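Colleague: Could you take one part of this model and walk me through it closely? I am new to reading structures, so please go step by step.

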Amino acid sequence: MDLLNTLVDKGLRRELPTREEALAVLATSDDDLLEVVAAAGKVRRQWFGRRVKLNYLVNLKSGLCPEDCSYCSQRLGSKAEILKYTWLKPDEASKAAAAGVAGGAKRVCLVASGRGPTDRDVDRVSETIGAIKEQNEGVEVCACLGLLSDGQADRLRSAGADAYNHNLNTSEGTYGDITTTHTYADRVETVHQAQAAGLSACSGLIAGMGESDADLVDVVFSLRELDPDSVPVNFLIPFEGTPLAKEWNLTPQRCLRILAMVRFVCPDVEVRLAGGREVHLRSMQPLALNLVNSIFLGDYLTSEGQAGQADLDMIADAGFEVEGAGTTTLPAHRAESGGGCGSHDGGCAPCGEAPGEAAPGSAEVPAARTDLVAVRRRGAGTDLAPNA
């Protein structure tokens, strides 16, 4: 297929595809799916070999968020029956992190619900970072605390944080339909603050919220322009008790096409398969390892993932290997320059074209699999052992 040959050539040169090419990936038929995966897999192996980086989430503070993000089980007014608790003590968070590191995680992601941290919250997280680093030599720590105020990114960097996560989630044009208590521009500004402080930026998206193909391409092209080192791709977990509980729009094939498109647009970036993979990819998760080079181990913030050992078995059975602590994740040209997508043209195509049409022969969306949405009842904030 000429499209795929062109995209592979561009990916190996770190050249940005056109918007039309990205839309065309999303519009490919299920009959062509394995060809799409194989093509994107060539780009993934060029920059990351067969390594898979493991990340582990620690939910420092769960629920009770004043923001109204429609996709989130921790949102204002959420009726989802999730765990709710205030800040974990540094020793509790460090103990939770140690379970993930013991399971093979190279990065620990410290997440707290809320609009953004107070200065006291930054102090608290700084103590937690110190405790984790003291007990786990060489571990990377990424903070995800919401919108940052001036100087907070610098303080987190001084405390030992390596990265900061703040996702764009969806396109700028549809952001107001998802969230009203803050803006898309607020999110972009926080990523810029993290980058200015010398933190490795981590920013991604959520697919499956009813967006069009054009929306998906918009947000991924915006991410390319924003230039993060890591791009997490989440698939909506439609929690009962949230506004998007009925949004079951994804098939495993659709998820794989989205991941392939992200890889072609961000060829040398850490693309992370994040929340919702078990719910929407199901038995086709191993195929996704040909597209992504990073996953979360075990559970997520408010939902349970598959067993940590099952993750490790899946990686080994698919012919991949867990990335060791002594290995640099990013390709040399990115690591040496402090990150960046490495695009030769440095630009981002303009947005606003019409959505791509569904390809003939694409599978219909199956019935909702609410049985696969399991609320987390173990690990951080409970007396039960974590899943790692």
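Modeller: Happy to! One term comes before anything else: pLDDT is the predictor's confidence in each residue, from 0 to 100. This is a predicted model, and the chain averages a pLDDT of 89, with 92% of the residues scoring at least 70. Residues 340-362 are another matter, as pLDDT stays under 50 there. Where pLDDT is low, the predicted coordinates should not be read in detail.

Let's look at strand β3, which covers residues 140-144. Of its 5 residues, 5 are buried. In a regular strand the side chains alternate between the two faces of the sheet. Here E140, C142 and C144 point one way, while V141 and A143 point the other way.

Now for the neighbours of β3. Strand β2 (residues 107-112) runs parallel to β3 and is joined to it by 5 bridges; one pairing is V111 with C144. Strand β4 (residues 163-165) also pairs with β3 in the parallel sense, over 2 bridges, and there C142 has A163 as its bridge partner.

Helices link these strands. Helix α5 (residues 119-135) forms a right-handed β-α-β unit with β2 and β3. Helix α6 (residues 152-159) does so with β3 and β4.

Finally, follow E140 out of the strand: T329 is in contact with E140, and also with others including F48, K106 and E323. T329 sits in the loop between β10 and α14, and its relative accessibility is 6%, so T329 counts as buried. Its side chain also makes a polar contact with the side chain of E323, at 2.4 Å.

Technical notes:
Residues numbered from 1 in each chain as written. Predicted model: local features only at pLDDT ≥ 70, side-chain atom pairs only at ≥ 80, totals over all residues. Heavy atoms only, no water. Contact = heavy atoms within 4.5 Å. Helix = DSSP H or I, 4+ residues; strand = E, 2+ residues; numbered from the N terminus. Buried < 20%, exposed > 50% of the residue type's maximum accessible area, 1.4 Å probe, protein only. Polar contact = N/O pair within 3.5 Å; in protein donor to acceptor, adjacent residues only side chain to side chain. Pairing = 2+ DSSP bridges. Right-handed = clockwise from strand over helix to strand, strands pointing away. Lists of a residue's contacts leave out its neighbours within four places in sequence.
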